[in-house]
Amino acid sequence: MTDTILKVASVSKRFGGLQALSDVGIEIRRGQVYGLIGPNGAGKTTFFNVLTGLYTPDSGSFELAGQAYTPTAVHEVAKAGIARTFQNIRLFAEMTALENVMVGRHVRTGSGLLGAILRTPKFKREEREIADRAKELLDYVGIGKFADYKSRTLSYGDQRRLEIARALATDPQLIALDEPAAGMNATEKIQLRELIDRIRNDNRTILLIEHDVKLVMGLCDRVTVLDYGKQLSTGTPAEVQKDPKVIEAYLGTGGH
Ligand SMILES: Nc1ncnc2c1ncn2[C@@H]1O[C@H](COP(=O)(O)OP(=O)(O)OP(=O)(O)O)[C@@H](O)[C@H]1O
């Protein structure tokens with residue numbers, strides 16, 4: 001079994017006259033927390049969108065756990081083993097927390113539509129198993145007591161946890177978190193850090209976009225810095241922090 005979960009080579013993406021990604025390549029090893037950082041407009045979300053099939057890249061190749069992988073439809077991406085959360089939370093507002101996680105789990109089930117309509121014994125058994133697993137995941141992310149609450153009634157921080165539970169429900173090889181700490185207060189950020197640590201310790205692999213540099217530097221094993229779509233630097237947090245190119249992009253002449 002390969003130790004590399006995701007290998008992305010030479011990804012480029014252009015929007016009209018704007019080169020949003022230019023020849024970006026990263027390699028993520030099993031069990032790592034990998035950070036993708038950079039100033040506003042650097043191309044981080046575009047990279048996520050390409051990786052998860054929302055945008056088609058102009059060039060580039062992808063390998064997931066040693067297999068060639070082509071990000072196509074979002075559903076297929078989840079099946080291949082990549083789950084993601086979004087910068088702007090995307091939950092089903094009127095569904096309960098439990099139901100939101102169950103939706104994620106359905107990616108991995110086999111009864112299909114006909115089974116659901118006929119409510120076959122296999123379907124019913126699967127539904128029970130899915131609900132049990134969803135409840136476990138809600139407990140795991142720390143919001144089990146809200147299982148029957150509509151997701152829109154949860155606090156912002158708890159909704160982000162719920163998104164993570166839903167992502168975990170697909171049993172992903174890689175979890176891609178888009179700014180998980182956005183809008184969180186200091187206490188919620190500490191809890192989030194503990195949660196991401198726990199997910200890593202359970203032998204999962206995480207790719208993370210995050211603006212909170214302190215969180216990134218404290219949490220990530222490796223970091224890639226993007227700027228204007230280009231890969232400025234890749235290394236451990238300590239290496240990247242010392243890189244003059246990175247210091248200039250964040251503090252220097254760019255003014256962005
Ligand atoms: N669908 C699109 N059409 C046209 N331009 C786009 C599209 N998506 C992104 N862009 C542009 O590509 C560039 C990179 O944007 P992207 O959202 O990837 O940056 P980011 O690093 O995620 O920024 P932020 O930290 O602000 O979220 C920006 O200049 C943005 O305006």
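**Val103, a helix pair and a ligand shell**

Val103 is partly exposed, because 16 other C-beta atoms lie within 10 Å, whereas a buried residue would have 20 or more and an exposed one 12 or fewer. The model described here is predicted. Val103 is found in helix H3. When neighbours within four places in sequence are left aside, Val103 is in contact with Phe92 and Arg166. Thr170 follows 67 residues further along the chain. Even so, the C-alpha atoms of Val103 and Thr170 are separated by 9.0 Å.

The contact between Val103 and Arg166 belongs to a meeting of two helices, H3 and H6. H3 covers residues 97-105, and H6 covers residues 156-168. Their axes come within 7 Å of each other. The crossing angle is roughly 35°. H3 passes H6 in a right-handed crossing. On the H3 side, the residues involved are Ala97, Asn100, Val101, Val103 and Gly104. They meet Leu162, Ala165, Arg166 and Ala167 of H6. By class, this contact has 6 nonpolar, 2 polar and 1 charged residues.

A second site in the model is the shell around the ligand. Phe15, Leu18 and Ala20 are among its residues. Gly38 also takes part, as do Asn40, Gly41, Ala42 and Gly43. Lys44, Thr45 and Thr46 complete the list. Strand S2 (18-29) and helix H1 (44-51) each supply at least two residues of this shell. H1 gives the most, with 3 residues. By class, the shell divides into 4 nonpolar, 6 polar and 1 charged residues.

The chain as a whole has 256 residues. Its secondary structure comes to 10 helices and 10 strands. The radius of gyration is 19 Å, close to the 18 Å that the globule rule gives for 256 residues, so the chain is as compact as a globular protein of that length. Along its principal axes, the C-alpha trace spans about 60 × 40 × 35 Å. Of the residues in the chain, 40% count as buried. Val103, being partly exposed, falls outside that group. Contacts between residues at least 6 apart in sequence were also examined. Of these, 68% join residues at least 24 apart.

Note on methods
Residues numbered from 1 in each chain as written. Predicted model: local features only at pLDDT ≥ 70, side-chain atom pairs only at ≥ 80, totals over all residues. Near = placed C-beta within 6 Å. Helix = DSSP H or I, 4+ residues; strand = E, 2+ residues; numbered from the N terminus. Nonpolar A, V, L, I, M, F, W, Y, C, P; charged D, E, K, R; others polar. Axes fitted to C-alpha atoms, helices over the stretch in contact; angles between N-to-C directions. Left-handed = near helix turned anticlockwise from the far one by under 90°. Contact = placed C-beta atoms within 7 Å. Rg over C-alpha atoms; globule rule 2.2 N^0.38 Å.
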